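Student: I would like to work through this model by asking about individual residues and contacts. Please give the reasoning before each answer.

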Amino acid sequence: MKEKKRWMRRGKSTAAALKMASTKEKLIAHVSKEEPAGPTNKVTVVGVGMVGMAAAISILLKDLTDELALVDVMEDKLKGEAMDLQHGSLFLKTHKIVADKDYSVTANSKVVVVTAGARQQEGESRLNLVQRNVNIFKFIIPNIIKYSPNCILLVVSNPVDILTYVAWKLSGLPRNRVIGSGTNLDSARFRYLMGEKLGIHPSSCHGWVIGEHGDSSVPVWSGVNVAGVSLQGLNPDMGTEKDKEDWKSVHKMVVDSAYEVIKLKGYTSWAIGMSVADLCESILKNLRKCHPVSALVKGMHGVNDEVFLSVPCILGNSGLTDVVHMTLKPDEEKQLVKSAETLWGVQKELTL
Amino acid sequence: MLVSWWYLYLGAQSLYRHGKTDACLRFKCRLIGDERERYVRDRVYVGHVFVHISGGVSLLNMASVLQKLITPLFSGPVEPPRNKVTVVGVGQVGMACAVSILLRDLVDELALVDVIEDKLKGEMMDLQHGSLFLKTPKIVSGKDYSVTANSRIVVVTAGVRQQEGESRLNLVQRNVNIFKHIIPQIVRHSPNCILIVVSNPVDVLTYVTWKLSGLPKHRVIGSGTNLDSARFRYLMAERLGIHPSSFNGWILGEHGDSSVPVWSGTNVAGVSLQKLNPEIGKDTDRENWKETHKKVVDSAYEVIRLKGYTNWAIGLSVADLTESLMKNLNRVHPVSTMVKGMYGIGDEVYLSLPCVLNSAGVGSVINMTLTSDEVSQLKKSADMLWHIQKDLKDL
């Protein structure tokens, strides 16, 4: 269906000319001389595995973006996923969904979510994945920056704290624009389990899990509260071994839950997808909400190495602009320092 | 009489410490206010309470922070859910439906059912871990259908999926046998539910579901051509440079290779495309709009070839149907409904027509003005479906 040449369309309204015009031209008269501006809230998701697609669908269903780009190395899967999402366009408010192996489709993104990388096998710890994922990042990160030099990088791939450091080094971006999804998910799981124990919705149960995302995350018991009522004030043994209510097991369940879900269904996707959409919302809408995400903590809580650990951070348009300084007990700070040392021990061996 | 819970708590605590689970506690408490008139003797009431500690240690332990933190005002029986949806089958389609429904805040309880227990539990846990970001307080799952009790809507996605190149009709008998197990159990636990059938071949399986469930025909719906119409609207809108929701076009009939695009109804802002281009949809059309419909039919096969299955689009379309049903919207959707008696069809078959959906199910059907060509296509689909259905055993 060739559209008729411009000189035939312009100005002429003879019957013959109209007959030659396409249906589209008969239906729609183009009036605006200006080209529409580019995307204002574009999000790119790198990696269309289970986590990447869960993040994509959560972002789409929350109407956060006007353009979504997907990138991966597996071209068939990538095209299939993009088509599937496009077929749902009627039900969404994101008018443009693009996908390609080539990073040029990611140009002008505000937020780039990096989920690419090898996934944890059953029983495998996150630290084992490191070198495999560093090599993948050496290809991905420079490509992202080439096309979106002003973006905010949100790293999800595991081990997230190390890979956020790697992404920061490889990208050359300032520290406020490289964020790791960190313990946002651990804290969500903690609040869910706490809510189950108390019979209250998770959003009304407040509790922060900080530090390393994984086995050595730190639950800050002094901050656990409902409506400002500190639970540790009601139960001073909370979080210790002698606690009769065994709240410590709540944190243990948070640590184990990832392994548990992987054992049952092979991977985790929905919860991390929703937590990524939550972070993107704060960034894209400049909410300045406080989230526990992975940030550069050198100089805080006695940490002297360049490592990324999760602390409560304020997220907005410019990324991670402020960090909330938590009052931690000495043993909690010791745990953070110990995590930092473990992470630095791995990081200094990496070839970047 | 004001029984002091504090005394009861102390007594129970001392019981626990002494390792006893049953006792009769004698206690005294001071009366206040108008209680003094009622219990005259002295201003002290002496009474007995029989205490039984069940659940042993953990119950008492749990009570302590909880009890200190929260004062219950009302404790009655647990209210049944008002907006419960069950999804049967936690494969890719089932989970896409579940997540779309959750992220649209449509339900206060979601139940998942499947036969593979590990995967089922894993999916439930994964969704529960996202509870902070959702407004659905209860997500349950189980192999046993009792978790589905009191559902308003049950989405059936269970069944085997199309292999690459396999047509939908080949799946029939395999899926009928699965349904014979599923449907009666659903109806037993949720006799007032509305069933949405998604598994393919959807028109045949909706008929099967209707027969097996014994529900009235307006409460059994097939997802039908809701997805085909969505794809059609997307592809047509892309060609015109507008949003799919501003392009109106309906694909009816059988979900699959012989679906019928109603070209006479295609319009933007009420301007009929067929009036602008009388050849639209025909082979003589220079602009080859017919190709768009062909792309709709092929797109399922294309996506399956590329990624192995389709899930996001169908999940979003099911959430759209669920929204109309749940919120009693009376919106019109092209879904699979019993068409015997319409368009000269004499068999009991399910085909997609524009249906008005509300909380009772299919409230009414819109009478489309179809050309004789389109009617004969519907009749042909009906004949083919009946040909398959009449051979199905044990319905």
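Student: Is Glu302(B) buried, partly exposed or exposed?

Tutor: This is a predicted model, and the values are computed from it. Buried means under 20% relative accessible area and exposed means over 50%. Glu302(B) has a relative accessible area of 24%, so Glu302(B) is partly exposed.

Student: With which residue does the side chain of Glu302(B) meet in a salt bridge?

Tutor: Glu302(B) lies in helix H10 of chain B, and its partner lies in that helix too. The two are three residues apart, about one turn of the helix. The partner counts as partly exposed, at 44% relative accessibility. The N to O distance is 3.3 Å, and the partner is Arg305(B).

Student: Which residues are joined with Lys307(B) into one network of salt bridges?

Tutor: Side chains of opposite charge can pair when their charged atoms come close. Lys307(B) meets Glu81(A) in a salt bridge at 2.7 Å, N to O. Salt bridges that share partners join Lys307(B) into one network with Lys77(A), Glu81(A) and Asp84(A).

Student: How many salt bridges are counted between chain B and chain A?

Tutor: The search of the whole structure finds 29 salt bridges over all chains. The pair Lys307(B) and Glu81(A) has one partner in each chain. Between chain B and chain A the count is six.

Student: What area is buried between chain B and chain A?

Tutor: The contact involves 65 residues of chain B and 63 residues of chain A. Carbon and sulfur atoms give 68% of the buried area. In chain B, the residues that lose the most area to chain A are His129(B), Phe133(B) and Trp312(B), together 13% of what that side buries. The area buried between the two chains is about 6100 Å².

Student: Which element gives the largest share of the side of chain B that touches chain A?

Tutor: The count between the two chains is 28 residue pairs in polar contact. Elements that give two or more residues to this side of chain B include helix H3 (56-69), helix H5 (117-129), helix H8 (226-240) and helix H10 (290-307). The largest share is 10 residues, and it comes from H5(B).

Student: Which residues does Arg104(B) contact, leaving aside its neighbours within four places in sequence?

Tutor: Arg104(B) lies in the loop between helix H4 (92-103) and strand E4 (109-113) of chain B. At 24% relative accessibility, Arg104(B) counts as partly exposed. With those neighbours left aside, Arg104(B) is in contact with Leu61(A), Phe91(A) and Leu92(A).

Student: Why does the salt bridge of Lys42(A) and Glu67(A) tie together separate parts of chain A, and how many residues apart are they?

Tutor: The two side chains meet at 3.1 Å, N to O. Lys42(A) lies in the loop between helix H3 (23-27) and strand E1 (43-46), and Glu67(A) lies in strand E2 (residues 67-71), so the pair ties together parts that are 25 residues apart in sequence.

Student: Are Lys42(A) and Glu67(A) buried or exposed?

Tutor: Buried means under 20% relative accessible area. The value is 3% for Lys42(A), so Lys42(A) is buried. Glu67(A), at 6%, is also buried.

Student: How far apart in sequence are the parts tied together by Glu306(A) and Lys169(A)?

Tutor: These side chains meet in a salt bridge at 3.4 Å, N to O. Glu306(A) lies in the loop between strand E12 (289-296) and strand E13 (308-316) of chain A, and Lys169(A) lies in helix H7 (residues 160-171), so the parts tied together are 137 residues apart.

Student: Which residues touch the most other members of the largest nonpolar core?

Tutor: This core has 131 residues. Its largest share, 10 residues, comes from helix H11 (residues 270-284) of chain A. Leu112(B) touches, among others, Val87(B), Met95(B), Leu120(B) and Leu127(B). The residues touching the most other members are Leu70(A), Leu85(A), Leu153(A), Leu112(B) and Leu127(B).

Student: Over residues 225-390 of chain B, how far apart are the end C-alpha atoms?

Tutor: An unreviewed UniProt entry annotates these residues as "domain: Lactate/malate dehydrogenase C-terminal". The chain there is 42% helix and 20% strand. The end C-alpha atoms are separated by 23 Å.

Terms used
Residues are numbered from 1 along each chain as its sequence is written. Chains are lettered from A and ligands numbered from 1 in the order in which they are written. This is a predicted model: local features need pLDDT of at least 70, side-chain atom pairs count only at pLDDT 80 or more; totals for chains, interfaces and linings use all residues. Side-chain values use heavy atoms; hydrogens and water are left out. Helices (H or I, at least four residues) and strands (E, at least two) are DSSP runs, numbered from the N terminus. Buried means under 20% relative accessible area, exposed over 50%, partly exposed in between (1.4 Å probe, protein chains only). Contact means heavy atoms within 4.5 Å. A nonpolar core is a set of buried Ala, Val, Leu, Ile, Met, Phe, Trp, Tyr and Cys residues joined through side-chain atoms within 4.5 Å. UniProt positions are given in the numbering used here, feature names are shortened, and annotations may be inferred rather than shown by experiment. Buried area is the accessible area (1.4 Å probe) that two parts lose on being put together, summed over both. A salt bridge is a side-chain nitrogen of Lys or Arg within 4 Å of a carboxyl oxygen of Asp or Glu. A polar contact is a pair of N or O atoms within 3.5 Å; within protein, one must be able to donate a hydrogen and the other to accept it, and residues adjacent in sequence count only if both atoms are side-chain atoms.
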